[in-house]
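The following exercises concern aromatic pairing, surface exposure and charge placement. Please work through each task before reading its solution.

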Amino acid sequence: HLTGSANKECDSFHDGAGMLNHHIGMTMVFEQSLRMINPTVAAHYWDYTREFMDHVEWHDTGMFQAEWFGTVSPANEDQIVDEGRWAYLSLLSNAQDFSEIVNPYGLLRSP
């Protein structure tokens, strides 16, 4: 994922048609790896069509509440998730010690 999304010339994982295809493919490979250990395991999927049919905006779903991933675009000054299980999750700094592909701040994020 990092190699495909952190290329400064082209983020092939998030720009255009690659977004859906690449992430589905990575999830499929991940699920196949899990099933080699336990054939009854399945990766979890977000069926976003349920919200659409119920006329609920994607950012108002349970997935983006504190109990799951936290709110979308938190209103705090630092623009970080500050509630729920992912609150104040720190990122690997000095990631250039881990990977040659880092953003200008030395983090494992797309530039």
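**Exercise 1.** Determine which residues form one aromatic cluster, and classify each ring pair in it.

*Solution.* Step 1. The cluster is formed by Trp68, Phe69 and Trp86. The model is predicted: local features need pLDDT of at least 70, side-chain atom pairs count only at pLDDT 80 or more, and totals for chains, interfaces and linings use all residues. Residues are numbered from 1 along each chain as its sequence is written, and side-chain values use heavy atoms, with hydrogens and water left out.

Step 2. Rings of Phe, Tyr and Trp (for Trp, the six-membered ring) pair if their centres lie within 6.5 Å; planes under 30 degrees apart are stacked, over 60 edge-to-face, and the rest tilted. The structure holds 2 aromatic pairs. Because the planes of Trp68 and Phe69 stand at 50 degrees, with ring centres 6.4 Å apart, this pair is tilted. Phe69 and Trp86 have ring centres 6.4 Å apart and planes at 15 degrees, so they are stacked.

Step 3. Phe69 and Trp86 both lie in the segment after H3, and their pair therefore ties together parts 17 residues apart in sequence. Helices are DSSP runs of H or I with at least four residues, strands are runs of E with at least two, and both are numbered from the N terminus.

Step 4. Buried means under 20% relative accessible area, exposed over 50%, and partly exposed in between (1.4 Å probe, protein chains only). Trp68 at 48%, Phe69 at 41% and Trp86 at 36% therefore count as partly exposed.

**Exercise 2.** Establish whether Glu31 is buried or exposed, and identify its nearest side chain of opposite charge.

*Solution.* Step 1. Glu31 lies in helix H2, residues 18-37.

Step 2. Glu31 is buried and has no salt bridge. A salt bridge is a side-chain nitrogen of Lys or Arg within 4 Å of a carboxyl oxygen of Asp or Glu. The nearest side chain of opposite charge is that of Arg35, 4.1 Å away; Lys and Arg count as positive and Asp and Glu as negative, while His and the chain ends are not counted.

Step 3. Leaving aside neighbours within four places in sequence, Glu31 is in contact (heavy atoms within 4.5 Å) with Ala42, Ala43 and Tyr45.

**Exercise 3.** Classify Glu100 by its accessibility, and locate it in the chain.

*Solution.* Step 1. Glu100 has 83% relative accessibility and so counts as exposed.

Step 2. Glu100 lies in the segment after helix H3 (49-53). Its C-alpha atom is separated by 26 Å from that of Met28, 72 residues apart along the chain.
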